[in-house]
Amino acid sequence: MAAALSRPRNQKMIAGVCAGLARRFGTTPTTMRVIFLVSCLLPGPQFLLYIALWILLPAEDGYREAW
């Protein structure tokens, strides 16, 4: 069974979105970051989607970031 979709406290570089997606889909955070960077070469709302996931994904274990 796949892990719940949430932003981890560790393994994050900016907001933990790629690390959370990687854990959910069973891949490494580095692989997910590379996929995101390559997808930015294509036209589309990738950055808006990243920001939306940053806001909408809950932090792991109820941890709330102060920002």
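## The cysteines

At 9% relative accessibility, Cys18 counts as buried. This value, like every other in this report, comes from a predicted model. Cys40, by contrast, is partly exposed, its relative accessible area being 23%.

The cysteine sulfur closest to that of Cys18 belongs to Cys40, at 8.9 Å, which is too far for a bond. Seen from the other side, the sulfur of Cys40 has that of Cys18 as its closest cysteine neighbour, again at 8.9 Å and again too far for a bond. Since a disulfide requires the two sulfur atoms to lie within 2.5 Å, the search of the whole structure returns zero disulfides.

## Overall architecture

The protein chain contains three helices and zero strands. Read from the N terminus, its elements follow the order α-α-α. Helix α1 covers residues 17–25, helix α2 covers residues 29–39, and helix α3 covers residues 46–56.

Of the 67 residues in the protein chain, 33% are buried. When contacts between residues at least 6 apart in sequence are considered, 41% of them join residues at least 24 apart.

## Helix α1 and its packing

The buried residues of α1 are Val17, Cys18, Ala19, Gly20, Leu21 and Ala22. These buried residues pack against both α2 and α3.

Helix α1 packs on α3 at an angle of about 80 degrees, and the two axes are 10 Å apart. The angle falls in the range from 65 to 115 degrees, so α1 is roughly perpendicular to α3. On the α1 side the contact is made by Val17, Cys18 and Leu21, and on the α3 side by Tyr50, Leu53 and Trp54. Cys18 is thus listed both among the buried residues of α1 and among the residues that meet α3.

At the other end of the helix, Arg24 lies over the face of Phe25, 5.8 Å from the ring centre. Just after α1, Gly26 adopts a positive phi of about 75 degrees.

## The aromatic cluster between α2 and α3

A pair of aromatic rings is described by the distance of the centres and the angle of the planes. With centres required to lie within 6.5 Å, the count comes to two aromatic pairs. In one of them, the rings of Phe36 and Phe47 have centres 5.9 Å apart and planes at 90 degrees, so this pair is edge-to-face. The pair links distant parts of the chain, with Phe36 in helix α2 and Phe47 in helix α3, eleven residues apart.

Phe36 also forms an aromatic pair with Tyr50, at 5.4 Å centre to centre and with 40 degrees between the planes, and this pair is tilted. Phe36 lies in helix α2 and Tyr50 in helix α3, so the pair ties together parts that are 14 residues apart in sequence. Phe36, Phe47 and Tyr50 form one aromatic cluster.

The two partners of Phe36 have opposite surroundings with respect to solvent accessibility: Phe47 is exposed at 56% relative accessibility, whereas Tyr50 is buried at 13%. Tyr50 takes part in the cluster and also in the contact of α3 with α1.

## Gln11 and Pro29

Gln11 is placed in the segment before α1. At 53% relative accessibility, which is over the 50% limit, Gln11 counts as exposed. Setting aside residues up to four places away in sequence, Gln11 touches Ala19, Pro29 and Arg33. Of these, Ala19 is one of the buried residues of α1. The separation of Gln11 and Pro29 is 18 residues in sequence and 7.6 Å in space, C-alpha to C-alpha.

Pro29 is found in helix α2. Its relative accessibility of 18% is under the 20% limit, and Pro29 therefore counts as buried. With the same exclusion of residues up to four places away in sequence, Pro29 touches Gln11, Ala19 and Ala22. Ala19 and Ala22 both belong to the buried residues of α1. Pro29 and Gly16 are 13 residues apart in sequence, with 9.1 Å between their C-alpha atoms.

Notes: Residues numbered from 1 in each chain as written. Predicted model: local features only at pLDDT ≥ 70, side-chain atom pairs only at ≥ 80, totals over all residues. Heavy atoms only, no water. Phe/Tyr/Trp six-rings, centres within 6.5 Å; stacked < 30°, edge-to-face > 60°. Helix = DSSP H or I, 4+ residues; strand = E, 2+ residues; numbered from the N terminus. Buried < 20%, exposed > 50% of the residue type's maximum accessible area, 1.4 Å probe, protein only. Lys NZ or Arg CZ within 6 Å of the ring centre and 35° of its normal. Axes fitted to C-alpha atoms, helices over the stretch in contact; angles between N-to-C directions. Parallel < 35°, antiparallel > 145°, perpendicular 65-115°, else oblique. Contact = heavy atoms within 4.5 Å.
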